[in-house]
Each structure stands twice: as C-alpha cells, then as structure tokens.
Amino acid sequence: MIKQLIEKYYLHFEGQPYVFRAPGRVNIIGEHTDYNDGFVLPAAIDKYIYVAINKRADRKIHLFAADYNASYETDWSHIEPTTLHWPNYILGIAAQLYRKNNHLSGFNICIDGNIPIGAGLSSSAALGSAAIFALNAIFETGFSLMEMALMVQQAEHEYAGVKCGIMDPFASLFGKKDQAIKLDCRSLQYAYIPIAMPGYQWLLINSNVKHKLASSAYNERRRQCEEAVIILQKRFNQVKSLRDVNLHQLDQVAHEMETTVYLRSKYIIEEIHRVSEACVQLAAGNAAGVGALMFETHSGLSKDYEVSCIELDFLVDEARYFPGVAGSRMMGGGFGGCTLNLVKDEQVAALEAHVKGSYQAAFGKEAYGYLVETSDGAAAVPF
Ligand code: GLA
C-alpha cells in the first residue's frame with residue numbers, strides 16, 4: 001500500500017513526500033454517549049488511512065485520492081466545502097489551520113487507505129486525523145493530540161454537516177496496541193484498558209449496508225437528546241447533559257416529553273452506566289458479563305434509540321443463538337456497518353460461515369467477517 005501511495009504521489013506531484021497513517025476504530029461499548037458527555041470505550045484497529053504529503057513553494061493546496069482516482073485543487077485563501085465530499089475532511093482541517101495561522105505555504109497530499117468505507121469503522125475521522133497529524137508535522141504547528149482530535153471533530157461539523165462526538169478522532173489519535181480507551185467525553189480524561197478476553201476473539205461482521213440518511217438521522221438523535229436536557233433543566237437546574245441525570249429523574253419529567261425523546265434519553269442514561277459496568281467485567285475477564293451488556297446495548301440501540309436496521313438486527317439474532325457467542329451488537333453510528341461479536345476462539349470460523357450463509361439467504365447480500373487487531377494511533381510511517 002505504501003509503495004503504491006508513493007508511486008501515485010510521484011505521478012501527480014514533485015519532490016519527496018513524508019508518509020503518515022491514522023487508524024480506524026472499533027468501539028467495545030458506549031454508543032452515542034460521546035455527544036451526551038458520557039463514556040466511550042473505543043480501540044484503534046490495524047486498518048488505516050495513509051497520506052503522502054509535502055510542502056509546496058506556492059500557496060496552493062493539491063489533493064489526490066487514490067481510491068477515487070480524483071484530484072481537487074485550491075489555495076489557502078479559497079478554502080470552502082465542496083460537493084465532491086471526500087476533500088471536505090481535509091479542507092475542514094485546513095480551514096481551521098488557516099484561522100490559526102495564515103502564513104503557511106501550500107501543500108500536496110496523496111491519500112489512500114484500507115478502512116472499508118461505510119462500515120462504521122470511522123474512515124472519515126481517520127482521514128481527518130491523518131491529515132492534521134501530517135500537517136502538524138510538516139508545518140511544525142505544535143498541536144497536542146487532543147487539540148488535533150477536537151479539530152477533526154470540528155471539521156466534520158463544519159464541512160461534512162455531521163454533528164459527531166469526539167470518540168472517533170480521539171481513538172484514531174490516541175489508540176494503543178492491545179488496549180481500548182475509556183474516555184470521559186466531558187472531562188476528556190482517559191485510561192487505557194486491555195481489550196483481550198482469554199479464550200475469546202472480537203469479530204466484526206460487516207452487514208454491507210450503508211444508509212443514505214444516516215447523517216441526518218444522527219443529527220436528529222443529537223437534537224432529541226438536547227431537547228430532553230432543556231426539559232430536564234426546568235426541574236433540575238444543575239443538569240447540563242444526559243450524563244447528569246438518572247432514570248428516576250427522567251421518569252419525573254416523562255409526561256412533559258414526547259415518548260420518542262423519553263426513549264432516546266432512557267437509552268443514553270443506561271448506556272453511560274453500561275460502559276463503567278463493562279470495564280469492571282473486562283478487568284475481571286468475564287466474557288459472559290461483557291457479552292450480556294453488549295446484547296443490552298444492541299436492544300437499546302434498536303428499540304429505544306432506533307439506529308439499527310433489519311440487517312443488523314438479523315446479524316445480532318443469528319449470533320445470539322449460536323454456541324460460543326458471549327455477546328453481539330451493532331457498532332458505531334448505526335443504520336448499517338458492522339456488528340461486533342465476542343466469540344469463543346474455536347467458534348469464530350463456524351459463526352462466520354453460518355452467518356454468511358443465512359445472511360445471503362435472507363438478504364441476497366454478502367456479510368464479511370474481520371477479526372479485530374488493535375493498533376497504535378496516528379504516526380509517521382518510515383519507508
Ligand atoms: C459516529 C460518531 C461518533 C459516535 C458514534 C456513535 O461514529 O462519529 O462520534 O457518536 O457514531 O457512538
């Protein structure tokens with residue numbers, strides 16, 4: 001991949017590039033809790049966006065995406081969102097850099113990667129993370145990893161129109177091999193937690209479904225959570241987010257809310273609690289305990305938060321009744337992408353074969369399995 005990337009760079013640009021990469025992520029538990037000031041438990045994985053990059057002598061910005069065989073050109077004083085979509089993740093970063101420092105020279109950047117797009121493994125945050133990590137290195141702008149994570153999130157808000165939380169860029173930049181990261185999305189304090197469960201594997205199963213309306217539904221969920229907070233604040237004035245509320249308090253204002261808003265809030269309050277529970281079970285090596293929580297998360301995401309789809313529900317049900325499966329749930333923003341499964345070593349191949357067959361029969365589509373390998377966060381790649 002790196003050899004090809006560099007060849008593409010030479011084909012389009014002059015001079016020697018530097019190469020950087022940033023990983024995608026899985027999330028063990030804590031879904032849609034990041035933008036509610038709650039906890040998440042992501043881990044960076046060994047699938048990456050790679051960038052080859054260097055400065056230019058002028059003020060131009062030239063992008064080339066190997067995946068799409070497409071170019072985009074602009075300069076520092078004409079950065080704006082484009083309908084082409086893929087350049088936006090880099091332009092959104094560049095726009096913020098320009099606001100902080102408008103004396104930078106131009107740059108050439110060539111992008112490639114092996115994170116399946118639309119699989120819920122956070123390829124867009126990996127692209128943003130690779131871009132800011134690389135720009136920070138070549139221009140020596142001195143941003144901390146946390147500042148960079150916040151810039152990637154901001155880019156997604158401003159240039160992709162998705163009001164995402166901090167989880168994905170955080171995982172891509174702070175990832176550590178063999179570890180998940182328990183992140184408190186309010187204080188931004190974090191702790192590394194070993195992800196291995198002796199005798200078990202983490203298996204992703206890709207539904208191969210990508211819903212077109214996923215980002216508008218995502219933003220709608222966020223609005224519904226904010227609506228709940230406004231109602232709760234009238235009764236409990238110290239409440240800043242759903243993180244500050246328990247189910248008893250929620251029930252006291254239930255009659256003032258639409259049922260949908262109530263159910264969304266209930267899910268979030270329960271899920272924030274489940275992350276801490278899951279960390280205890282992980283530390284105790286209790287696969288059954290972690291797995292039970294994963295099934296609860298799935299049920300909440302499907303019935304109360306309503307971000308699942310029939311294909312994901314099907315994959316979880318197939319896993320639920322399969323021997324050796326401790327837990328299964330949809331992962332990420334929802335409406336498609338992967339399920340995450342905690343499966344006994346000796347049953348991994350059998351589960352994958354079984355699910356592939358039944359999924360093909362039910363939907364006429366292929367489901368792919370990947371074993372999760374964890375990784376370090378964004379880094380320079382020597383070549
Ligand atoms: C997407 C967003 C994240 C997070 C997840 C759901 O991946 O980018 O911020 O909200 O969905 O947990």
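## Two domains

Let's start with the overall layout. The domain assignment splits the protein chain into domain 1 (2–194) and domain 2 (200–371). Keep in mind that this is a predicted model. Taken over C-alpha atoms, the centres of domain 1 and domain 2 are 26 Å apart. The two domains also touch: domain 1 brings 34 residues to the contact, and domain 2 brings 41 residues.

## Where the ligand sits

Now look for the ligand. The space it takes is the largest pocket. Which domains supply the shell around the ligand? Domain 1 (2–194) and domain 2 (200–371) each give at least three residues to this shell.

## Who surrounds the ligand

You can find the neighbours one by one in the structure. Around the ligand are Arg25, Glu31, His32, Asp34, Tyr35, Cys164, Gly165, Met167, Asp168, Tyr218, Gly332 and Gly333. By residue type, the shell is a mix of four nonpolar, four polar and four charged residues.

## Polar side chains and cover

Some of these neighbours place a polar side-chain atom by an oxygen atom of the ligand. For Asp34, the distance from such an atom to a ligand oxygen is 2.5 Å. For Tyr218, a polar side-chain atom lies 2.6 Å from an oxygen atom of the ligand, and for Glu31 the corresponding distance is 2.7 Å.

How much of the ligand's exposed area does the protein bury? On its own the ligand exposes 310 Å², and the protein buries 92% of that.

Definitions and conventions
Residues numbered from 1 in each chain as written. Predicted model: local features only at pLDDT ≥ 70, side-chain atom pairs only at ≥ 80, totals over all residues. Heavy atoms only, no water. Near = heavy atom within 4 Å. Polar contact = N/O pair within 3.5 Å; in protein donor to acceptor, adjacent residues only side chain to side chain. Areas by Shrake-Rupley, 256 points an atom, 1.4 Å probe, with all protein chains shown as cover. 1 Å grid on protein atoms, 1.4 Å probe; cavity = no way out; pocket = protein on both sides within 12 Å on 5 of 7 lines; lining within 4 Å. Sits in = over half its atoms within 2 Å of the grid points. Nonpolar A, V, L, I, M, F, W, Y, C, P; charged D, E, K, R; others polar. Domains from an automatic or database assignment. Contact = heavy atoms within 4.5 Å.
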